[in-house]
Amino acid sequence: MSVKIGQIGLGAWGRNLLRTFYNLPEARPVLGCDVDTAQLSRISGAFPGVNWTRDYSELISDPGLDAVVIATPPADHFQLASRAIEAGKDVFVEKPLALNLDDGRKLVELARKNERILMVGHIMEYHPASLKLKEYISSGKLGRVYYLYSSRVNLGKVRDIENSLWSFAPHDISMIMFLLDKIPVSVTSTGASYLQKNIEDVTFLTLHFDDKTMAHIHVSWLDPHKERKLTVVGSKMMAVFDDTESTEKIRLYDKGVDTKLDYSTYGEYLSLRAGDILIPRINSTEPLMAECAHFIECVKSRKQSISDGRDGLRVLTVLTAAQKSMERGGAPVEIKFDL
Ligand SMILES: NC(=O)c1ccc[n+]([C@@H]2O[C@H](COP(=O)([O-])OP(=O)(O)OC[C@H]3O[C@@H](n4cnc5c(N)ncnc54)[C@H](O)[C@@H]3O)[C@@H](O)[C@H]2O)c1
């Protein structure tokens, strides 16, 4: 039987979510909600069979719905998600889970207590290229991961509540923790506001892991380039994931520096290695489709999602520490994850 869905928030990203759920055979969006009539009239003709409302309370209390999808700006995530869980619905909430740790913890606890599925839209954990990279890292193909760096920049939608850190970096933070399968121990972060007071348009943050692995993230909506790129430097190989490429998203470089023994002096020397470049074939599944299908599968099987509430909380913990570091002029802030 298909999962009956109600969705709150039908803006730029919400429309993509609705279209994707609408096209999944196991899901059936039956009610869409947006406070803005213009958003409703813009899409209402495109989804036959879906009813529309401007009142989210009507949607949340609808006994015919199994699950609620939340794609409003993050300031509303906590209130809407907690009300939906309390009404007995499974919840998919867009990233970030909430705008502070207390709210995030309450949501995770509420979902646990009510035995509801709580999934956060960390889409990069469902991207076929991330899955391929994770396979390379966990199989040891890249060797020891020394460091990573990513950029998610463009000249794009300027937010007026959350800054570039909270708006964009959840993607990179969730992807990096997913790839390495660990949580950073500290973070340093700097950012600057140019367009609006106290809303940083650009953020540079560095995550430090206990084994000296380092991950640098650059996010901005005020940049001449559109870049979605992650570079992973390992002891054996290096990889670049470029999400703006249509098909050749990953390049694997057989490049590195080896330590060799010099038999004439019995000393060691460093030798550069620049071998082949491999472009692996990546499964062409649309990441959003994979993410939405995973939510439906979790609702049906009652299994925890890969990006469940705890995963949302891990990202929230890093964001909170990064924000604190930014407010302290880039001083390192320790990360402690407790639930
Ligand atoms: N996964 C991704 O790649 C991705 C990309 C963009 C945005 N997002 C996330 O999606 C969410 C929405 O972003 P967006 O760009 O679509 O924003 P948006 O501002 O374009 O749309 C938000 C919509 O929510 C509606 N809304 C706000 N409060 C409401 C309420 N209480 N009840 C009903 N409707 C309400 C607004 O009227 C608006 O139409 C954010 O959490 C954002 O971080 C994710």
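User: Where in this predicted model does the ligand sit, relative to the pockets?

Analyst: In this predicted model, the space that the ligand takes is the largest pocket. The shell around the ligand draws on two domains, with at least three residues from each of domain 1 (3–123 + 288–305) and domain 2 (125–285 + 317–334).

User: Which helix gives the most to that shell, and how is the shell made up by class?

Analyst: Helix α1, residues 12–22, gives the most, with three residues, and by class the shell has ten nonpolar, seven polar and seven charged residues. Of the 24 residues around the ligand, those that come nearest are Trp13, Asp34, Lys95, Lys157 and Arg159.

User: How should I read the polar contacts, and which atoms lie 2.9 Å from an oxygen atom of the ligand?

Analyst: A polar contact is a pair of N or O atoms within 3.5 Å. Here a polar side-chain atom of Gln39 lies 2.9 Å from a ligand oxygen atom, and for Lys95 a backbone N or O atom lies 2.9 Å from an oxygen atom of the ligand, while a polar side-chain atom of Asp34 lies 2.6 Å from a ligand oxygen atom. The protein covers 85% of the 850 Å² of accessible area that the ligand has on its own.

User: What should I look for in the backbone geometry, and where is it found here?

Analyst: Most residues other than glycine have a negative phi, and most peptide bonds are trans. In this model, a cis peptide bond with omega of about -10° joins Lys95 and Pro96, and Pro96 is placed in the loop between β5 (90–93) and α5 (101–113). Asp181 has a positive phi, near 60°, and is placed in the loop between α7 (164–180) and β8 (186–192).

How values were computed: Residues numbered from 1 in each chain as written. Predicted model: local features only at pLDDT ≥ 70, side-chain atom pairs only at ≥ 80, totals over all residues. Heavy atoms only, no water. Near = heavy atom within 4 Å. Polar contact = N/O pair within 3.5 Å; in protein donor to acceptor, adjacent residues only side chain to side chain. Areas by Shrake-Rupley, 256 points an atom, 1.4 Å probe, with all protein chains shown as cover. 1 Å grid on protein atoms, 1.4 Å probe; cavity = no way out; pocket = protein on both sides within 12 Å on 5 of 7 lines; lining within 4 Å. Sits in = over half its atoms within 2 Å of the grid points. Helix = DSSP H or I, 4+ residues; strand = E, 2+ residues; numbered from the N terminus. Nonpolar A, V, L, I, M, F, W, Y, C, P; charged D, E, K, R; others polar. Domains from an automatic or database assignment.
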